[in-house]
Amino acid sequence: MIILSEKEIQSLYTMEDAILDVEAILSEERNGNIQIPERTVLNFSEHDASVLYMPSAATKMAAVKVVSIFPHNPERQRPTTQGVIVVTDTETGEHLAMMNATYLTRLRTGAVSAIATKYLARREASRLAVIGTGAMAREQVAAMLAVRPITEMFLYNRTKEKAEQFAAYIQEAHPEWQGTIHVMDNADEAVRQAHIVICSTRSTTPVFSVTALQPGTHINAIGSYLPHMQELDVETIIRADRIVVDTKEGVKHEAGELIQAENTGRWSFEQIDAEVGELVTGEKSGRQHEKEITLFKCVGVASFDLAVAMGVYKKAVENGKGMTISL
């Protein structure tokens, strides 16, 4: 077995790699070649936290990710999200690799947002609003830079200082990008300026108002992943012309804003237009006209972790990276 640190993974594997690998596994899923058992979530309400166990398998490899999300950890000088992935050979049962999954979780979520954006956002979309500037937003921004010609970013965080720190991070992490960054005092004003909106929060109340949305906007809502969370208001769900999800089964159990919209009786899960894999395979179409408001809702699927874990393992073997241990 090889052990791979986050630093080693970052040196080997890029957003562009992740987009290619996740898009490929989405096609495999549609062909019925991927096993994705239901994930197990353990909640620790006293810490407002949860631990997720996410298994999946392809033809030759399987993986299980264990990821913990403890939102009060920054107060302890520890990261909010921590994770590991174990990769197993399905022909021999050999455990091939264990790798840090914190960065890979952000990366694969960014990759699937990039894929949805590629099919749903306007081709010339150049103004990006980011609501919530925590660690998960880093790879969301990288993903948007990979698929659309972003020239302006509008950042909003409840703590303005964190948005300012995030602006500095973007400039350092993407020195080749020559666009303009605006730190906003109001989420609605950020959304009002945008062609693409990223919602990357763990909020239990809507983070912007439907009145801020302009015709033709695309939204990636990736922050909330439990039934009590709600980044978007019911009016935004109803207003969206097209709603695409990572998996219909997953969002029925975990997408708080969609669950709460259905509970009002004014919207139904039957109104979901497609899973993102159906866009990749051409079973369903992407954006249909310039004025559409489109929404991609992602709660996370274990196969995305499998895709990037297999990609990292292959690159690590090719490049002789990682620490080898005997079990």
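# Exercises on helix packing

Leaving aside neighbours within four places in sequence, Ala-137 is in contact with Val-130, Gly-132, Phe-166 and Ser-200. The model is predicted. The exercises begin with this residue.

**Exercise 1.** Place Ala-137: which helix is it in, and is it buried or exposed?

*Solution.*
- Start with the element. Ala-137 lies in helix α4.
- Next, take the accessibility. The relative accessible area of Ala-137 is 0%.
- Apply the cut-off. Buried means under 20%, so Ala-137 is buried.
- Then look at its helix. The buried residues of α4 are Ala-137, Glu-139, Gln-140, Val-141, Ala-142, Ala-143, Met-144 and Val-147.
- Add a distance. Glu-290 is 153 residues from Ala-137 in sequence, and their C-alpha atoms are 26 Å apart.

**Exercise 2.** Describe how α4 and α5 pack: at what angle, and through which residues?

*Solution.*
- Begin with the geometry. The angle between α4 and α5 (residues 160–173) is about 45 degrees, and their axes are 11 Å apart.
- Classify the angle. Roughly parallel requires under 35 degrees, and roughly perpendicular runs from 65 to 115. The two helices are therefore oblique to each other.
- Give the hand. α4 and α5 make a right-handed crossing.
- List the contact. From α4 come Ala-137, Arg-138, Glu-139 and Val-141; from α5 come Phe-166, Tyr-169 and Ile-170.
- Sort these residues by class. Five are nonpolar, none is polar and two are charged.

**Exercise 3.** Compare end-to-end reach with expectation for α4, α2 and α3: what span is expected of each at 1.5 Å a residue?

*Solution.*
- α4 has 12 residues. Its first and last C-alpha atoms are 18 Å apart, close to the expected 16 Å.
- α2 covers residues 15–30, which makes 16 residues. Its reach is 23 Å, close to the expected 22 Å.
- α3 has 19 residues and should span 27 Å. Its end C-alpha atoms are 27 Å apart, in agreement.
- Add burial for α3. Of its 19 residues, 17 are buried, so α3 is largely enclosed by the rest of the structure.

**Exercise 4.** Find the buried residues of α2: which are they, and which helices do they pack against?

*Solution.*
- Take the residues. Met-15, Asp-17, Ala-18, Ile-19, Val-22, Glu-23, Ile-25 and Leu-26 are buried.
- Then find their partners. These buried residues pack against α1 (6–12), α3 (102–120), α4 (136–147), α10 (276–281) and α11 (302–319).
- Check what follows the helix. Just after α2, Gly-32 has a positive phi of about 80 degrees.

**Exercise 5.** Analyse the pair α2 and α11: why do they count as oblique?

*Solution.*
- Read the angle. α2 and α11 pack at about 125 degrees, with their axes 9 Å apart.
- Test the angle. Roughly perpendicular stops at 115 degrees, and roughly antiparallel needs over 145. The pair is therefore oblique.
- Give the hand. α2 passes α11 in a right-handed crossing.
- Name the α2 side: Asp-17, Ala-18, Asp-21, Val-22, Ile-25, Leu-26 and Glu-29.
- Name the α11 side: Ser-303, Phe-304, Leu-306, Ala-307, Val-308, Met-310, Gly-311 and Lys-315.
- Sort the contact by class. It has nine nonpolar, two polar and four charged residues.

**Exercise 6.** Locate Ser-5: between which elements does its loop run, and how far is its C-alpha from that of Asn-100?

*Solution.*
- The loop of Ser-5 joins β1 (2–4) and α1.
- The relative accessible area of Ser-5 is 33%, so this residue is partly exposed.
- Ser-5 and Asn-100 are 95 residues apart along the chain. Their C-alpha atoms are separated by 5.4 Å.

Definitions and conventions: Residues are numbered from 1 along each chain as its sequence is written. This is a predicted model: local features need pLDDT of at least 70, side-chain atom pairs count only at pLDDT 80 or more; totals for chains, interfaces and linings use all residues. Side-chain values use heavy atoms; hydrogens and water are left out. Helices (H or I, at least four residues) and strands (E, at least two) are DSSP runs, numbered from the N terminus. The expected span of a helix is 1.5 Å times one less than its number of residues. Buried means under 20% relative accessible area, exposed over 50%, partly exposed in between (1.4 Å probe, protein chains only). Contact means heavy atoms within 4.5 Å. Axes are lines fitted to C-alpha atoms, for helices over the stretch in contact, and angles run from 0 to 180 degrees between N-to-C directions. A crossing is left-handed if the near helix is turned anticlockwise from the far one by less than a right angle, and right-handed if clockwise. Ala, Val, Leu, Ile, Met, Phe, Trp, Tyr, Cys and Pro count as nonpolar, Asp, Glu, Lys and Arg as charged, and the others, Gly among them, as polar.
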